[in-house]
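Work through these exercises with the structure open beside you. Try each task before you read its solution.

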Amino acid sequence: MCVTVSPVAVHITKSKTTNVYLTGNQKLPSDRNNITILPYPQKGDGRAMINTSPVNLLHANAATSLPPCDVNHAVPAAIFSTGGYAGNFFHDISDILIPLFLTSSILRPNISLVLTDYQSWWVQKYQRVLSAISINDIISAPTDYPGGTVHCFPGAIVGLTYHGFMACNKTDVPGNLTCVDFLHFLHSSLFLKTFGTPATVTTQKEKPLMVLLSRRNYRILLNEEEVINLAKDVGFRVEVVTPKEATQLQFIAELVHSSSVLFGVHGAGLTNMIFLQPGAVLLQVVPWGLDWMSTCYSKPPLEMGLKYVGYKIGIAESTLIEKYPIDDPVMVDPESIHMKGYDVSRPIYMEGQNVRLNLTRFRGTLETAMQLAEF
């Protein structure tokens, strides 16, 4: 990323290339005419970078003339991409909104957001959050000016501060910000009820609410109805959320915020843990062969003031047992399959199995979640 506290001219066009002209005493290395930044955090992920348009840093001089300003702004800009894996809820939060929260922390709300790879539906979905970060209109490539528009700012940040998957590290730049701070900001921006009210406080007559994230394509919970009945028998009220309902941000935020336990099979939907109140529980079912990937959801709750319960399925609870011999490496040595690359492991473990939980075995996990939800 690049940070400058001197004026810049940002030329935004429909060609998916954005040029940032440095002015005054700002210098590029003597052997460089320009520097190109892909303003999306997952720099080492080729798939993400394919969907991320470049931002070129150019020094305005005799060879590279400074374009005249079409629009002047009084506050600095944060320039970032909503390409990459935008649209996947986990990556929306982990790769864009948490990094944007960190990057904008000392400027919020007096900052202008410049989006490359602009997607109107994405901005609409997260409008309340973006409005809490910046009081100014979102800036993107103009649709009615073929030559683009030049926006001038007193300073700029190109790219986003990134601390890792769903991470806010207190000791990293900008400093003293944690995941609890992000949750506080997020809940406030979505007008959820006062942050800090324990989710486990219920009336004596009211049972704890469990929100179950239902799946439809793969990693489906095949005996979902039986699991729901088991959860009710343990003592939960159960609300089932379909994949379509889960895309409605305000709806899912308010529902999860009112719950004591968020439950689902491993997948991006578990990112909805960010709407849980302090002390609430995330319950993740870990399919066969996905132990290491499950850490995306097992570690963040502890940093967010939440509780975590994991249920690693047995080999007989995966439909992979119907496709592969019991002694096949897929069954006995998943790590060797992962070592062959994600293109090999994804069709098997992420997209090639469903789960059927052993109700007797799973009951103990539900009882643990109940105990944590009550205290």
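**Exercise 1. Strand β9 and its partners**

Task: In this predicted model, find how many bridges join β6 to β9, and in which sense the two strands run. Then place β2 and describe the cover of β9.

Solution.
- Step 1. Start with β6, residues 71-72. It is joined to β9 by 2 bridges, and the two run parallel.
- Step 2. Pick out a residue pair. N72 of β6 stands opposite C152 in β9.
- Step 3. Turn to β2, residues 8-12. Here 5 bridges lead to β9, and the strands run antiparallel.
- Step 4. Pick out a pair again. H11 stands opposite V150 in β9.
- Step 5. Check the cover. In β9 (residues 149-153), 5 of the 5 residues are buried.
- Step 6. Sort the side chains. T149, H151 and F153 point one way, while V150 and C152 point the other way. Both groups are buried.

**Exercise 2. A sheet of 4 strands**

Task: Give the strand order of the open sheet that holds β1, and name its edge strands.

Solution.
- Step 1. Read the order: β1-β10-β7-β8, with mixed pairing.
- Step 2. Find the edges. β1 (2-4) and β8 each have a single partner strand, so one side of each has no neighbour in the sheet.
- Step 3. Look at the twist. On average, neighbouring strands of this sheet are turned by 15 degrees against each other, direction ignored.
- Step 4. Zoom in on one pair. β7 (residues 77-81) and β10 run parallel and share 3 bridges. Within this pair, I79 stands opposite V158 in β10.

**Exercise 3. A sheet of 5 strands and its helices**

Task: Work out the order of the parallel open sheet, then say which strands α8 and α14 touch.

Solution.
- Step 1. The order is β12-β11-β13-β14-β15, and the pairing is parallel.
- Step 2. The edges are β12 (237-241) and β15 (307-312). Each has a single partner strand, so one side of each lacks a neighbour in the sheet.
- Step 3. The average turn between neighbouring strands of this sheet is 20 degrees, direction ignored.
- Step 4. Take one pair. β11 (residues 209-213) and β12 pair over 5 bridges in the parallel sense. The bridge partner of V211 in β12 is E239.
- Step 5. Add helix α8, residues 249-257. It packs on the sheet and touches β11, β12 and β13. Its direction makes about 140 degrees with that of β11.
- Step 6. Add helix α14, residues 359-374. It also packs on the sheet, touching β11, β13, β14 and β15. Its direction makes about 180 degrees with that of β15.

**Exercise 4. Helix α2**

Task: Check the span of α2 against its residue count, then look for a kink.

Solution.
- Step 1. Helix α2 has 15 residues, 89-103. At 1.5 Å a residue, the expected span is 21 Å.
- Step 2. Compare. The end C-alpha atoms are 20 Å apart, which agrees.
- Step 3. Find the kink. It lies at L97, shortly before the proline P99, and is about 25 degrees.
- Step 4. Look at the start of α2. A side-chain oxygen of N88 comes to within 3.0 Å of the backbone nitrogen of F90.
- Step 5. Ask how enclosed α2 is. Of its 15 residues, 15 are buried, so the rest of the structure largely encloses α2.

**Exercise 5. Unusual backbone spots**

Task: Locate the cis peptide bonds at P109 and P174, and the positive phi values of D117 and F191.

Solution.
- Step 1. Recall the background. Most residues other than glycine have a negative phi, and most peptide bonds are trans.
- Step 2. R108 and P109 are joined by a cis bond, with omega about 0 degrees. P109 sits in the loop between α2 and β8.
- Step 3. V173 and P174 are also joined by a cis bond, with omega about 10 degrees. P174 sits in the loop between β10 and α5.
- Step 4. T161 is in the loop between β10 and α5. Its contacts beyond four places in sequence include V173, P174 and P99. With a relative accessible area of 12%, under the 20% cut-off, T161 is buried.
- Step 5. D117 has a phi near 55 degrees. It lies in the loop between β8 and α3.
- Step 6. F191 has a phi of about 60 degrees. It lies in the loop between α5 and β11.
- Step 7. Is each one buried or exposed? D117 is buried at 11% relative accessible area, whereas F191 is exposed at 61%.

Definitions and conventions
Residues numbered from 1 in each chain as written. Predicted model: local features only at pLDDT ≥ 70, side-chain atom pairs only at ≥ 80, totals over all residues. Heavy atoms only, no water. Expected span 1.5 Å × (residues − 1). Bend = angle between axes of the 7 residues up to and from the residue. Buried < 20%, exposed > 50% of the residue type's maximum accessible area, 1.4 Å probe, protein only. Polar contact = N/O pair within 3.5 Å; in protein donor to acceptor, adjacent residues only side chain to side chain. Pairing = 2+ DSSP bridges. Axes fitted to C-alpha atoms, helices over the stretch in contact; angles between N-to-C directions. Contact = heavy atoms within 4.5 Å.
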